[in-house]
Every structure is written in structure tokens, then in C-alpha cells.
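Student: I have a structure open and I'd like to learn how to read its pockets, sheets, cores and odd backbone spots. Can you walk me through them?

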Amino acid sequence: MALVRVGFLAIPAGAKPGFDHADVHPESRQMYVAHTGADRIEVLDCAGRRHLRSLPNLPGVAGVLIDAEHDFLFSSDRGGSRVSVFRCSDESLLGQVVVGAHPNGLAYDRARRHLYSFNLGEPLGEEGTASVVDLDSMSAIAELPLPGRPRWAVYDEERDVVYANIQQPAQIVVIDCEHQAIARTLEIPSEGPHGLWLDSGRLFCAADGGALLVLERDRGEVRKTLPLPGAPDVVMHDAETRRLYVAIGEPGVVCSFDSDTLALLETVVTEKGAHTIGLDPVDHCLFAFCPESGGAQLYEERG
């Protein structure tokens, strides 16, 4: 099997180029991607591979997260220091909540209906925080200080914790969701932890130092370190095909790994600046978002 380019999906231009995180609503097979340069979320039809519409007025939108079980679509509106909460099935806006400065990464504690917003702080990146947003009251109920600038984060339902990458010092903080406090940290032996994914008790952490690290989630033991050809951003895993994808904006590639054997399978050229990806779980089509071309290059596993 190999990634083969099968098409291109054009996206209406914004005032500036630039895409960020993407997520998919599995039932509707609609992909939502942060179009940061346009202050909006773009809605894409994965089945028809076309642009459907835009969700506007989201200044500097950076993070997008979907919880299909609770029918939520979340965005971190970095330019407005707030998070927006939508009902995903009809895209109706349920509320907007002011959080810390320059929100970025998101994680959702489904048990308590709490959204964690990881904020870069002001001055930018110097005083990172995590805001805890209660969705029943649509209010921020806590603000947790972080040891540095946060990147992406994931919620672990089995352990009832949130893992969040910290750029410097290079570590993953583990937040106890019951007590809303940092319980421990996992040291990362590479500069700038950025993209993060959790699968089968393993944390896949892509770091600016040019490494994909595979950690055991409880003890933080590094099981394997895999080299990357640049500073990575988004990490995504296809649980069915057992493929792990890492997007690297410079030089503009996607690295594909076998998530069972932890072997690099191939490196596919995308476009300079293409640091974010999305994945259709039905057709297993990979969307590589390209700011210079103004759309998504589409890839399928074939062979």
C-alpha cells in the first residue's frame, strides 16, 4: 500500500492564506477545518469531495474539535480569546466563552462536559494557561497555569486525564480532570513537542526537534524515537488501516508510519507550508491542506 494523490479540493480564499486543525463528524462525513487566514471554519463533504459552506466570524480560528457522542463542534478563536461551541449536526451556535489569551489546543472531558482550552498567553507564548469551560453554564470555571507554551492536547477517557504538549520545557503535562490540576509531567527528549495522538495506551508525540516519539502513557517511557525530515505539526491515526500520518510544513511532506510495527513506510511530498491534515475514516482519504494552492490535496492508500 502507498499514498497516491487522487485529486484536489479547492477552498474559497480568505484575506490571508493559512489553515490549521481539522476534524470529521463521522456520521455525516463532513470535515471541519480551521481557515485561520479567513476567520472561519470550512465545511467539506468527504463523500463528494467538495466544499459545502463556511462558518464565519471566528477570528483567528486555530483549533477544531468534534465530539460526535455529544454532538459538539468546538473551535478556539485565537484572535478573540474565546472558544465557540456549536451543535455539530445542524451547526447552530450554542455559545461563546471568553478564555485565556490566544487559545489554541482543545480537549473535551465528556464525563463532566468540560472543554479544556489551551491558551498561548500574553505576551504570546510566555504565560500559557488552560481554561476549563463548563458547557452547561457556558462559562469558564477554572484557569490552570502551565509551565510553558501549550500545543495540542488529547483527552484520555480510560485514565480520566488530559495530556497536553508543552513547547518549552519539552514535556507533556498530565491534567487530572477530577481535580482540575496537573498531576504529573512526562519529559520529552526532543525540542518542541507539537502534534499529539493517543492510541492503545501509547502517546504519539511529534516534536520540532525532528522526531516522532512513542511513549507509554502511564510511566512516560519512550518506546521508540523515529526521525522526521523537519519540524512537524499535526499527527493523525487511521485505526482501521493502522497508519499514522505526520504533517510537516517545511519542506512540505507527510510521513506515513505503520502504527503496529512503528516503521516508516513512506514520505510523500505535499506543498511547502502544508502543516495540517484531515482524515476521512470511511474512504481513508487523507486531506493535506495547502495554503499556497488554496485547498486540500487528496491522497488514498492504494496498492
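What follows is a chat that takes these features in turn.

Tutor: Some ground rules come before the features. This is a predicted model, so local features need pLDDT of at least 70 and side-chain atom pairs count only at pLDDT 80 or more, while totals for chains, interfaces and linings use all residues. Residues are numbered from 1 along each chain as its sequence is written, and side-chain values use heavy atoms, with hydrogens and water left out.

Student: Pockets, then. What is the volume of the largest pocket?

Tutor: The general idea is that rolling a probe the size of a water molecule over the atoms shows where empty space is left. Here a pocket is an open set of points on a 1 Å grid over the protein atoms alone, where a 1.4 Å probe fits, with protein on both sides within 12 Å along at least five of seven lines. Grid points are joined across faces, edges and corners, and the volume is the space filled by probe spheres set on the points. The largest pocket comes to about 1,200 Å³. It has 42 lining residues, and those closest to its centre are Asp23, Leu65, Ile66, Val154 and Trp197. To count as lining, a residue needs an atom within 4 Å of a point.

Student: Which strand gives the most to that lining?

Tutor: That's β22, with 6 residues. Strands here are DSSP runs of E, at least two residues long, numbered from the N terminus. β2 (22-25), β6 (61-67), β10 (103-109), β14 (150-156), β18 (193-199), β22 (232-238) and β26 (276-280) each bring at least two residues to the lining. By class, the lining splits into 24 nonpolar, 6 polar and 12 charged residues. For those classes, Ala, Val, Leu, Ile, Met, Phe, Trp, Tyr, Cys and Pro are nonpolar, Asp, Glu, Lys and Arg are charged, and the others, Gly among them, are polar.

Student: And what lines the second largest pocket?

Tutor: Its lining includes Asp20, His21, Arg78, Trp152 and Asp233, around a volume of about 170 Å³. β14 gives the most to this lining, 3 residues, and the classes come out as 3 nonpolar, 4 polar and 5 charged.

Student: On to sheets. In what order do the strands around β18 run?

Tutor: In general, strands of a sheet pair through backbone hydrogen bonds, either parallel or antiparallel. Two strands count as paired if DSSP finds at least two bridges between them. Here you get an open, antiparallel sheet of 4 strands in the order β18-β19-β20-β21. β18 and β21 (222-227) are at the edges with a single partner strand each, so one side of each has no neighbour in the sheet. The twist averages 20 degrees from one strand to the next, with angles taken between N-to-C directions, from 0 to 180 degrees, of lines fitted to C-alpha atoms.

Student: How many bridges join β18 to β19?

Tutor: 6 bridges, and one pair to click on is Leu196 with its partner Cys205 in β19. The hairpin has 2 residues between these strands, and Ser200 there takes a positive phi near 50 degrees. Next along, β19 (residues 202-207) and β20 (residues 211-216) also pair over 6 bridges, with Phe204 opposite Val214 as bridge partners.

Student: Is β18 enclosed or open to the outside, and why?

Tutor: Enclosed, largely: 5 of its 7 residues are buried, so the rest of the structure surrounds most of β18. Buried means under 20% relative accessible area with a 1.4 Å probe, protein chains only.

Student: Which residues touch the most other members of the largest nonpolar core?

Tutor: The general idea first: in soluble globular proteins, nonpolar side chains tend to be buried together. A core here is a set of buried Ala, Val, Leu, Ile, Met, Phe, Trp, Tyr and Cys residues joined through side-chain atoms within 4.5 Å. The largest has 16 residues, and Ala107, Tyr116, Phe118, Leu144 and Val162 touch the most other members. β15 provides the largest share, 3 residues. A second, separate core has 15 residues, including Ala170, Cys205, Ala207 and Leu213.

Student: Where are the odd backbone spots, such as cis bonds?

Tutor: Look from Glu122 to Pro123, where the peptide bond is cis with omega near 0 degrees; Pro123 sits in the loop between β11 and β12. Glu250 and Pro251 are also joined by a cis bond, with omega about 20 degrees. For phi, check Glu91, a non-glycine with a positive value of about 60 degrees. Glu91 is buried, at a relative accessible area of 14%.

Key:
Buried < 20%, exposed > 50% of the residue type's maximum accessible area, 1.4 Å probe, protein only.
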